[in-house]
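Let's take a walk through a protein model, one chain at a time. Have the structure open next to you and turn it as you read.

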Amino acid sequence: MNVVLWIIFLPIILFVIGTFMLGYSRKFIARIERRYGPPIQQVFYDIFKLMNKKTNISHGWMHDFAILMLLGGTLLTMYFIPVPGFSYFAQYGDVLVIMYVLLIPALGMALGVGETANPNGSIGISRALMMLAGYDIPFFLTFIGMAMLNNTTSMLDLIHLQQAGGIATWGIITNPILGVAALIALQGMLGEKPFEVMVAPHEIATGPMTEMGGKYLGIMMIQHAIGVVIELTIYINLFLGGAVNWFEYIVKLFVLFTLLLSVNAVFGRFRTDDAVRFMWKIPLPLAIIGVLFIIF
Amino acid sequence: MDEKMTQRSVWEKIAAKLSKRSLWMLHYCTGCGAIELPPTMTARFDMERFGINPMVTPRQADILLITGYLSVKTLKRVVLTYEQMQAPKYVVGFGSCTINGGMYWNSYATMKSLDRYIPVETYIAGCMPRPEAIIYSFNELIAKIDRGEANSWKDYYNNYDFYRENQEHTFEGPIETYNDIKADAALFRI
Amino acid sequence: MSENNKGSILKPFRALKFIGEKPVTIRTPFENRPTAPRYRGFHVNDQEKCIGCGTCAEICDNDAIRMIEIPGLEPEVGSSNLRPAIDYGRCCWCALCVDVCTTNSLNMTQEYTHVSEDLNTFFMFPDTEGIHKTDFPLGYQASDDSNFLDLERVEMEELSPEERGDSFIEIVKGYSKEQAIAEASRCVACGLCTDTCPAHMNIPEYIEAIWDDNLSEAGRQIYKTNPLPEVCGRVCTHKCETACSIGQRGEPIAIRWLKRYAMDAIPAEQYGDVNNFRVVKPLGKSVAIVGSGPAGLSAAYYLRLMGYDITIFEKYPEPGGMMRYGIPEYRLPYDALDKDINYIEEVGVEIKCNTTIGKDIPFEDLHRNFDSVLIATGFHVGRSTRVPGTDHKDVFQSIDLLSKITRGEEIQVDEKIVVIGGGNVAMDIARSLARKQKVKYGKVNIIVTSLETRDIMPADDEEIEEATEEGCVFYPGRGPVEIVIEDGKIKGLKTNRCLSVFDEQHRFSPKFDENDIKLLEGTMIVESIGQGPDMSYLDTYTDKIEMDGRRFKVNEFYQTSIEWLFAAGDIIKGPDVINGIAVGHKAALGIDKMLENKKDLFYNTIFDVLDKSLKFEEGCRKSSSKFAGKFSPVVNNMITDLTVKSKDLEERIKKLIQNENVLIHLDKKLKRPQEAGYFERCIAEEALADTTSEKDFLKNMERKTRVAFGLYHDLEKLTKNKELEFLFGYLKAQKKKQLEKVEKLLQK
Amino acid sequence: MEYEKENSIVEMMQMQFPEAAFKVKKERRIEVRLPSARLYDFAVRMQKKWNFLHLSAISCVDWIDDGEFELVYHFWNYDEKVLVMAKIRIPREEEGDSHFETISNLWQPAKFFERDIHEMFGVYFDGSEDMERFILTDWNGPPPMRKDFITREFALNFYHYRDYEPQWLKDMMAAGEGNE
Amino acid sequence: MSKIDEVRDYELFIGPNHPGISGNFSFKMKLQGDKILSAKTDAGYLHRGFEKLMEERLFIQNIAIVCRICVPDPDPNENNYARAIEEIAGIEVPERAKWIRTLVLELSRLASYLFGIGGHVATTGLYAFSNWTIADRDRIMELFEELTGGRVYHIYQLPGGVRRDFPDGFERRVLEVMDYIESRLGDYDDLAINNALFIKRATGIGVITKEQAIKWGVTGPNLRACGVAADVRKDDPYEVYDKVDFEIPTRTEGDAYARTIVRRKEIEQSISIVRQIIDKIPAGPVWNKIPNPLKWKVPAGDAYVRTESSKGEYAYYMVSDGGRNPYRVHVRGASTTHGVHVLENLLAGSRIEDASQIMFSLDACPPEVDR
């Protein structure tokens, strides 16, 4: 019964946290830009408005299906990630499963955008896939590294191990090299600057989102809100000792997010090839070194 | 108008209350009035405070700002852009040029009254309007949405023939559009 | 920043310090944030100060200012019933209108926010309160440093008092070409002068022509309403200059001198070419005019223009009436007068001098020999103060002396002279006598006394000043009591102080202070307190003509109760040349109407055009045509008033005449860019009805316009209008469509 | 002497182009009127020999009363700091384009100016690689900068203008009627 | 082109509503992957027919419309227009008015540069910087508002001088604003100009060599970024530029970064010029009255006047036939070269992510092209 309630409410809870985090990010950046910025619940308004649009232009069934695939993939990932109080599915799936399902939204997006036949969207998708190639390998390596270090592929076990040993056993302490590599990869994964090549309004007019409006964009934003939380949670679970309760969880989320946002706020974006090159030049070697450390 | 207001369901009222807080404007500098948009968007006047954000594609935008005069060439793009926007959508006319031709009243290249081509929600006086006036107009627009009166966009679906006729007169021929407005109107029951 | 700067990755993080700092954002944008004191916001207009000159509308880039007629506001001298309304669908807030405002009434506030879905709110009538009737401090204001208007008159060179004191040479030297162009360029063409001028001369038009150095155009414009320009250019009372909008803050345009310049610069033999005079159609009817003063000559000229045969009867040896015999030569040289009169004779007006009606020819004969008679005999009998002693032989009437001077007869000039009167005639005689004294005695001793104090003296200021310069001594505000005679010789004039000239009802009823008595010494007294008519020649008709008080009862065209008898000039409406000309002109129209019975044609055409314009406007509105809405609603209402509300022609005419200036207003509309071409279009449509070629069309159009707006409208400009050509094309297309429709119907 | 530099340049140019009429307008401004056939030679010499490297603009003036177009080439010399305005006149065709030779192979900016003049005045520059419509792609009328095209007339005829009926005006009219 | 290439080539139409375009402008690009094979600009979206409108308006009326030709930097237009009339009609300008005009031009230049570099940096995604510069630019707008009565359109320079003298205490406030902007320059450098990522993105983009620059008719800061120290203010001095002391910053790289650096350095120069003006400005009248503008004929003649706008060489060719309206005014906008074929040349061969950077670093202003 408990599980069913969690299944129903977890997406909602994560969505709420996600919208507030995105709202927080806008506020944070606004302050650096020397302005006040929108209210923190702004993202919720935006999503509501988008979902409430009267007309929604569809580009065919593939377009509709892909958007659902996008959201579905994200929700699927969400259930495999342990959060405080709920790890029912997490015990069945391990990091490798998470790695796998994480790719589904990206594919969904590629399918949907391909259908819109907007060149900006296509460029955006090709960039997204390139970035995927950039950050996924280092991130995957850190997964492997952490799994090897702790001798388990279960995320649940990883969390338990870290929590048992206190701060000293947190992944970031036991293997800082991997921690840094994963952090950089995480920045790319979130699509924050300097790795914001997929959206890049000045270059390709928000790329994949170009042809998305109304409910489509609304769903993408919901997916983004949940996705941000999921991706940060993965990092917290791997390197920051997970969280025992929701308070700790949210604090860790915000601290980690603030760290990433600070970088986002003061840098522009890389060129796509530079971004990938950067990923392969710094996080990838770091990840390899980290893994090598663990092996030897 | 009063009749319509009473007809609004509770849900519509709540929806208006929430969606008025988020208005995305299309980042399209159609004319010189756009020079006051960057100050409005950025730190000095910070319109994001009111939930108004620049958006780069018409699909995502709710507000189309016609920042001043429109040359016929631009007008064509504006019509296409407007049709691509998802309803409800609001058009704000900036300054004299959108009302009665403004400075360019005798120019061969610019249109003179915007509401002949697309329905306009509100106008701002000025040449060009100051950022304060722009924000004030957004505020008015927000209030209008809240009251459920910002329905000019429906006019485009209902009186499409009128607009199309004027457009074709000005473009001196039919234009190719990507949307079938009448079919859309039937599909979305507007 | 060295040349090979790799940059820093850490320094950008310094920007994070702004998280803690207060943002630069302005927190309260919804309120009207105060602007700089000089801000160019919405307009305000001080309606009290505004004179409706329309200069703002004239300078506006964008046609954003529309002068609308304010119902209930009466046009006055120097102010019209128009006021600016501003179209914020056009305005660009450049504030040129503020900098050009003649009265400084138009300013801008610091208010800048107006947001509305109702487009009608963007058409604003600025008063002192601004667009939202809220109080905002003034922003951009008119400033004298950067005013566009040229407020200073080009100085007219005059003879110095020493040079002119002993001769009758003309005092004013006249403008040179450069001076005239500079002076003409000051004009803003508001047309207030036209409204004020009794003859409604096309003043802005001829000033513009002078500025353009197009003298023949100037001449043509002047001759439209004034056949005695050389005279008017010198001695006109120039009411127009009092009305001049530039005079609100500076010196008015020297309209009179400009007219004089234009006419002086055209040689007499070119008058005909300039004016392009052609008798419209010889009619074979004749008109007798009694008196060759301004009214008579003016009527003669215009009647001749219409095709009548004119004979003028003049009592004196030379024509000109009061202009010759009442105005001294130093003000109006006989050459100038002759130039005008010669031209009128040239066009075929016959002037019989030395012919006194009633003596040489009986009045009855005139009626028998001519189709119509116009009497314009003027005031040639001086009025007396009737104080004791006026029957003395050394007491003279100024009017007699002046005419004697003109005729070259010897007159009595004493060493000490007292002139009674404060009008221009008094100045004329005083100054003429001063010259005579100077020649005879080498010095001037003339006392001028009048009931009126200096500030309300009816004479022109410059006249008084010049008289003072020439040595006349003024004792204003004194009433004559008696002429003191000792030993059969006049010792002087006893006067007392005049407390007030008019009573509360503005009737002439002087009150005197009996205790303040002063003797003005002089051995010769000249009375110059006014003149009256001599109507003895009318004979038996005197009883037949209905009177209205002391004057003849006349209708709007100066027709007396006897159908064939018209009256003009001082005997109807005085007291100056320009009024005479105006009355003469109008009487000519009246005579024409009487003789040719064109009355209905004239008015019918006007109303036809008005009706048509109304229908046209309506049609345009209905079909959302591009022509719609170029016509201000006020004018529209005016026309509706004239055309729809009353179907009866007589009633309509009455209404048209009630508002005497309606035609002038309509004519002005034609000149305003917003409404220009509007009537033209309507007229054109009418004209098109029976035309086949473009030439025909233009001719037809000219004819129609001449009939509709015969007096005032600028035909030449109209026919040159480029708009006409394209209009013609448009109308032709319309006609073609109509024809096609008819054909289709026929085929069916 | 006044305008020493300018006069010496004029002297030098006059030797090569005796048929041209030179005039020093003011400091750093030289005006030259050329027969249109000599313009290209002049331009080549300007660029290659006399070092006028910068083509500031090409202006076109429609002298409709003379039936001619005036083309004014503004050349700037970065070293001497002098501007030469070369003026030529070409016949004005009532219908269709007038023709003249291009200098866009010498100066790239000429491409834009020539294209612009073609659109606005209807002067075709033979030999230019790109004479396509550019600014006025959506314009069907005559070249608008020609003097016989009157924009006010066109606009009034073609576009729709607004007709205001504001409340204050109605009130005013109502008040006016009441007074009568 | 092989078959595969044909498939890989595609056309992308950028603009007119695209944030990567400065203003209402567009270009068609032929792409292969994200490499631009060729680009073709398409202007005219902002065409109002200024030159035609001017021919049908009085001389005085045109001062209200000329400033609309380039919105971010309107004052060179007014200055050119006024000077062209002055040159033809031989109107003298009072000394103080000349200084005030120079001040206005420099303030306008400053505002435009702040806008320009903010825009360029924003194309790389660093929005904080443009937020700062545009907010700081607003201070200059406020100065303009105080002096001229308008924020953006000043309509201030009349033939014969300027419309109004300084308001009370204006000099002090100008200096305050100058101090403020100068104090901000350090922050600018830290955040963007010396930002390693920005430098990485902007160097080597849209390189123009010195020879190309001269051949292509590049002017202004863009030319100075290629190593040519040419500036109309020095070469063809107008107003009082020969009486103030300033340098012409140059760079030799000719790339996008060099162009922005030149602008950044010119901000310092402009601040110094403004200070000198406030220091040296003489007293006196500010306007030599012209005749009644409603009846004003400018004698026949022609004049070619140039100013250095923030975008480059800005010139007016005015012809008067002795009438009330100008017979012809040709506006040579600075961006007529930059915005069209220089841009086309630079885009060909570059990458799509750099397209907007190239456009913004050239600071091309479409309304100057369209007029």
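Start in chain D, where strand 3 and strand 4 (residues 68-77) run antiparallel to each other and are joined over 9 bridges. Look for His54(D): it sits opposite Trp76(D), which belongs to strand 4 of chain D. Keep in mind that everything here comes from a predicted model.

Now zoom out a little. In chain D, 5 strands make up an open sheet in the order 1-2-5-4-3, with mixed pairing. Strand 1 (21-26) and strand 3 (54-63) of chain D are the edge strands, each pairing on one side only. From one strand to the next, the twist averages 20°. Helix 1 (residues 4-16) of chain D packs on this sheet and touches strand 1, strand 2 (29-33) and strand 5 (82-91) of chain D. The direction of helix 1 of chain D makes about 165° with that of strand 1 of chain D.

Chain B offers another pair of strands to put beside that one. Here are the two pairs side by side:

| Strand pair | Sense | Bridges | Residues standing opposite |
|---|---|---|---|
| Strand 3 and strand 4 of chain D | antiparallel | 9 bridges | His54(D) and Trp76(D) |
| Strand 1 and strand 2 of chain B | parallel | 4 bridges | Met25(B) and Pro54(B) |

Which way do the residues of strand 1 (residues 23-26) of chain B point? Leu23(B) and Met25(B) point one way, Trp24(B) and Leu26(B) the other way, and all are buried. That fits a general pattern: in a regular strand, side chains alternate between the two faces of the sheet.

On to chain A and its helices. Helix 6 (residues 155-165) of chain A has Met155(A), Leu158(A), Ile159(A), Leu161(A) and Gln162(A) buried. If you look down the axis of helix 6 of chain A, the buried residues fall within an arc of 160°, so they line one face of the helix. What do they pack against? The partners of these buried residues are helix 4 (95-116), helix 5 (119-150), helix 7 (171-174) and helix 10 (214-239) of chain A. Right after helix 6 of chain A comes Gly166(A), with a positive phi near 75°.

Helix 10 of chain A has another neighbour to check out. Its axis and that of helix 8 (residues 176-190) of chain A come within 10 Å and cross at roughly 175°. Helix 8 and helix 10 of chain A are therefore roughly antiparallel to each other. Among the residues making this contact are Ala182(A) and Leu186(A) from helix 8 of chain A, along with Val228(A) and Tyr235(A) from helix 10 of chain A. The residues of this contact divide into 8 nonpolar, 1 polar and 1 charged.

Finally, chain C. It has 28 helices and 23 strands, and buried residues make up 48% of its 748 residues. Pick out Ile289(C) in strand 7 (residues 286-290) of chain C. Why does Ile289(C) count as buried? Because there are 36 C-beta neighbours inside 10 Å, and 20 or more is the cut-off for buried. Ile289(C) touches several residues further along the chain, including Gly296(C), Ile310(C) and Leu374(C). The C-alpha atoms of Ile289(C) and Ala567(C) are separated by 9.3 Å, with the two residues 278 apart along the chain.

Chain C also meets chain A, in a contact that takes 9 residues from chain C and 8 residues from chain A. On the chain C side, the residues divide into 8 nonpolar, 1 polar and no charged.

Note on methods:
Residues numbered from 1 in each chain as written. Chains lettered and ligands numbered in written order. Predicted model: local features only at pLDDT ≥ 70, side-chain atom pairs only at ≥ 80, totals over all residues. Contact = placed C-beta atoms within 7 Å. Nonpolar A, V, L, I, M, F, W, Y, C, P; charged D, E, K, R; others polar. Buried ≥ 20, exposed ≤ 12 C-beta atoms within 10 Å, placed from the backbone. Helix = DSSP H or I, 4+ residues; strand = E, 2+ residues; numbered from the N terminus. Arc of directions from axis to C-beta. Pairing = 2+ DSSP bridges. Axes fitted to C-alpha atoms, helices over the stretch in contact; angles between N-to-C directions. Parallel < 35°, antiparallel > 145°, perpendicular 65-115°, else oblique. Lists of a residue's contacts leave out its neighbours within four places in sequence.
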